[in-house]
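Trainee: I have this one open on my screen and would like to go through it slowly. Could you help me with the terms as we go?

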Amino acid sequence: MAIFRSISHGVHLPTAMRNGIARSFLTSLLPQQLQHLLPSGPTVFRKWIAGKNNIRKNKTSGAIEMLEDGESRLFWVGERDPSSTVVLLFHGGGYVLPLSKGHLEWANFLCEAASTADGKASVALLDYSLCPENVYPKQMRQAALALEHLISLGYSPSKILIGGDSAGGHLALSLLSYLMHQYPGDESSGKSLPEPLSGCFLISPLLSLDLNTISYRENRNADLLSIHIIKSWGADLFRNSRFETEKEMGKAWGMALSGDDDWWNRLGEVVKRIYLVGGSEELFRDHIIEFGKRLRNVPKVGLSTYIVEKEAHDGTFMEFETGAPLSNSTWRLGNWVADCLRPLQSECR
């Protein structure tokens, strides 16, 4: 029934079937069971690098760097070169699923897109700590640690892009909030960068745990995600944290739409451009539209927002995960990344 409803919404049959199977799989298992079944981030990365090196003349080192906390890591796609550009990528998966091959294929695409503008580029994927064992704000601090590490290596903020899909988009926004506003008890937050980051791309980002929007009603049987997953995994992320108190105070470290009217006004101090995209058939659609409207009048930020028709949650990532042909939406993201890194030549569209 859910698959037929997806088709009636305009979702292509193979995509509707894929989404239905994935939704059933994710909903039927506990996070710990999923993590037991799926290979870890380092395992996926090493296998992917080995496969790429088997077919490439120019081998890549596939460097893995442990960060200062001794838990989170950076996986490098492309060679590190602080004189060039870097994309700091946060993978999705509801803070429960480790990164997958699709994220690495996406990283490779982003690396190639960035290289068209700068001649040489790399992508650093953050392997952050997963829920339910690790909860907010740990992942936000790990994202900040990753950015600090890149800057310490010599990368200029103006040549750093950040972004992610789903929970990874949520984490990118948490990092921007962390840069703008000092987090209680954390002296390293709220400090100005020497210059803004080049850009931030957000693919189907988690923006709120309000489950009462029209898109939640319309798309509950059409999307890749289920309401049960969002409710359950969201509770795991914020268990025993300050999130509810922060939300009541209009603070948006935990959820972008929790911020009061002034929260995002300083966004232009930490990033130059935002790329925001969602699907017309996803649960998050209305939140994505609302957040785009909030950012529309923020000064000094170039904003690009899109709702892709007949697309469910995280369409760009799912193309790389399944090996499907790349859509116009995905190529548009690649062009945006390249434009962001062409200094003084063009503005991101």
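Mentor: Let us settle one term before the pockets: helices here are DSSP runs of H or I with at least four residues, numbered from the N terminus. Please also keep in mind throughout that this is a predicted model.

Trainee: Fine. Which helices supply at least two residues each to the lining of the largest pocket?

Mentor: Helix 2 (13–28), helix 4, helix 5, helix 9 (227–238) and helix 12 (315–322) each do so. The lining of that pocket comprises 39 residues, and those lying nearest its centre are Leu26, Gly93, Leu97, Pro98 and Phe317.

Trainee: How much space is in the largest pocket, and what is its lining made of by class?

Mentor: The largest pocket holds about 810 Å³ of space, and its lining divides into 23 nonpolar, 11 polar and 5 charged residues.

Trainee: And closed spaces? How many cavities of 30 Å³ or more does the structure hold?

Mentor: There is 1 cavity of 30 Å³ or more, and the space in the largest cavity comes to about 30 Å³. Its lining is formed by Tyr95, Tyr136, Gln139, Met140, His170, Leu171, Ser174 and Leu237. Helix 6 and helix 7 are the elements that give two or more residues to this lining, and helix 7 gives the most, with 3 residues.

Trainee: What about the classes in that lining?

Mentor: The cavity lining has 5 nonpolar and 3 polar residues, with no charged ones.

Trainee: Since helix 6 and helix 7 came up, how do their axes cross?

Mentor: The axes of helix 6 (residues 138–153) and helix 7 (residues 167–180) come within 9 Å and cross at roughly 75 degrees. Because angles of 65 to 115 degrees count as roughly perpendicular, helix 6 and helix 7 are described as roughly perpendicular to each other. On the helix 6 side, the contact is made by Gln139, Met140, Arg141, Ala143, Ala144 and Leu147, while helix 7 brings Leu171, Ser174, Leu175, Tyr178 and Leu179. Those contact residues divide into 8 nonpolar, 2 polar and 1 charged.

Trainee: At what angle do helix 12 and helix 13 pack?

Mentor: Helix 12 and helix 13 (residues 328–340) pack at about 105 degrees, with their axes 9 Å apart, and they are therefore also roughly perpendicular to each other. In this contact, Thr316, Glu319 and Phe320 of helix 12 meet Ser329, Thr330 and Leu333 of helix 13. By class, the contact between helix 12 and helix 13 has 2 nonpolar, 3 polar and 1 charged residues.

Trainee: Switching to charges, how many salt bridges does the structure hold?

Mentor: It holds 12 salt bridges. One of them pairs Lys52 with Glu105, whose closest N and O atoms are 3.4 Å apart. This pair links distant parts of the chain, with Lys52 in helix 4 (residues 41–55) and Glu105 in helix 5 (residues 101–118), 53 residues apart.

Trainee: Now the backbone: which residues does a cis peptide bond join with omega about 10 degrees?

Mentor: That bond joins Tyr136 and Pro137, and Pro137 sits in the loop between strand 4 and helix 6. The peptide bond from Cys131 to Pro132 is cis as well, with omega near 5 degrees, and Pro132 is likewise placed in the loop between strand 4 (121–127) and helix 6. You have already met Tyr136, which is among the residues lining the largest cavity.

Trainee: Last one: what is phi of Ser204 near, and where is Ser204 found?

Mentor: Phi of Ser204 is near 50 degrees, a positive value in a residue other than glycine. Ser204 is found in the loop between strand 6 (199–203) and helix 8 (214–218).

Key. Residues are numbered from 1 along each chain as its sequence is written. This is a predicted model: local features need pLDDT of at least 70, side-chain atom pairs count only at pLDDT 80 or more; totals for chains, interfaces and linings use all residues. Side-chain values use heavy atoms; hydrogens and water are left out. Axes are lines fitted to C-alpha atoms, for helices over the stretch in contact, and angles run from 0 to 180 degrees between N-to-C directions. Angles under 35 degrees count as roughly parallel, over 145 as roughly antiparallel, 65 to 115 as roughly perpendicular and the rest as oblique. Contact means heavy atoms within 4.5 Å. Ala, Val, Leu, Ile, Met, Phe, Trp, Tyr, Cys and Pro count as nonpolar, Asp, Glu, Lys and Arg as charged, and the others, Gly among them, as polar. On a 1 Å grid over the protein atoms alone, a cavity is a set of points where a 1.4 Å probe fits but cannot get out, and a pocket is an open set with protein on both sides within 12 Å along at least five of seven lines; lining residues have an atom within 4 Å of a point. Grid points are joined across faces, edges and corners, and a volume is the space filled by probe spheres set on the points. A salt bridge is a side-chain nitrogen of Lys or Arg within 4 Å of a carboxyl oxygen of Asp or Glu.
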